[in-house]
Amino acid sequence: MEMTRRRFEELVADALDTIPAELTRAMDNVVVLVEDRNTEDPDLLGLYEGIALTERTSSYGGVLPDRISVYQDAILSICSDADEVVHEVAVTVVHEVAHHFGIDEDTLHRLGWG
């Protein structure tokens, strides 16, 4: 499956738009990026790096933004058509945003966002 970076970024933006406004307003000091692949784990679809909102204390401050990376080439490599890409991007974005809110892998898998 092939797709331009611009179109893929639009899908990521669309997926972010599906997250309820009260949650996106609560997101703090986080950036969402599209990258080709994770260098350490090329099959990884997305990655959250940072300090989850539930783990931040009063000493939190002066830090670089958390990062949510969505890996375009990894997602495209497991999809056979555009509809699958839309679905995988949506699941990946929700999954990584959930980590920003402190939701762990087991809970996400149990809820169907694994």
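Start by selecting helix α4, residues 82-100, and colour its buried residues: Val85, Val89, Val91, Thr92, Val93, Val94, His95, Glu96, Val97, Ala98, His99 and His100. Buried here means under 20% relative accessible area, exposed means over 50%, and partly exposed is in between, using a 1.4 Å probe and protein chains only. Helices (H or I, at least four residues) and strands (E, at least two) are DSSP runs, numbered from the N terminus.

A word on what you have open: this is a predicted model, in which local features need pLDDT of at least 70, side-chain atom pairs count only at pLDDT 80 or more, and totals for chains, interfaces and linings use all residues. Residues are numbered from 1 along each chain as its sequence is written, and side-chain values use heavy atoms, with hydrogens and water left out.

**Stop 1: around α4**

Keep α4 selected and show its surroundings. The cover over its buried residues includes α1, β1, β2, β3, α3 (72-78) and α5, where contact means heavy atoms within 4.5 Å. Now put a distance label between the end C-alpha atoms of α4: they are 27 Å apart, in agreement with the 27 Å expected for 19 residues at 1.5 Å a residue. That expected span is 1.5 Å times one less than the number of residues.

Next, zoom to the two ends. At the N-terminal end, Asp81 acts as a cap, with a side-chain oxygen 3.1 Å from the backbone nitrogen of Asp83. Beyond the helix comes Gly102, with a positive phi near 90°.

**Stop 2: helix α1**

Select α1, residues 5-17. Its buried residues are Phe8, Leu11, Val12 and Ala15. Look down the helix axis: these residues fall within an arc of 100°, so they line one face of α1. The arc is that of the directions from the helix axis to the C-beta atoms. On the other side of α1 you will find Arg6 and Asp17 exposed. The buried residues of α1 pack against β1, β3, α3 and α4.

While α1 is on screen, show Arg7 and Glu10 as sticks. They form a salt bridge, with the closest N and O atoms 3.3 Å apart; a salt bridge is a side-chain nitrogen of Lys or Arg within 4 Å of a carboxyl oxygen of Asp or Glu. The two residues sit 3 places apart in the helix, about one turn. Arg7 is partly exposed at 36% relative accessible area, and Glu10 is also partly exposed, at 36%.

**Stop 3: more salt bridges**

The structure holds 6 salt bridges. Which residue pairs with Asp28 across 3.2 Å? Select Arg56: its side chain meets that of Asp28 in a salt bridge, N to O. This pair links distant parts of the chain, with Asp28 in the loop between α2 (21-26) and β1 (30-35), and Arg56 in the loop between β2 (46-49) and β3, 28 residues apart. Asp28 is partly exposed at 40% relative accessibility, whereas Arg56 is buried at 15%. Add Asp66 to the selection to see a network of salt bridges linking Asp28, Arg56 and Asp66.

Then move to Arg67 and Glu35, whose side chains meet in a salt bridge of 2.6 Å, N to O. Arg67 belongs to strand β3 and Glu35 to strand β1, so the pair ties together parts that are 32 residues apart in sequence. Arg67 is partly exposed at 32%, and so is Glu35 at 24%.

**Stop 4: Ser69**

Stay with Glu35 and add Ser69, in strand β3 (residues 66-71). Is Ser69 buried or exposed? Ser69 is buried, with a relative accessible area of 0%. Its side chain makes a polar contact of 2.8 Å with that of Glu35; a polar contact is a pair of N or O atoms within 3.5 Å, and within protein one must be able to donate a hydrogen and the other to accept it, while residues adjacent in sequence count only if both atoms are side-chain atoms. Leaving aside residues up to four places away in sequence, Ser69 touches Leu33, Glu35, Leu45, Gly46, Leu47 and Glu49.

**Last stop: the whole chain**

Zoom out to the cartoon. There are 5 helices and 3 strands, in the order α-α-β-β-β-α-α-α along the sequence. The C-alpha atoms fill a box of roughly 45 × 30 × 25 Å along the principal axes. Of the 114 residues, 32% count as buried.
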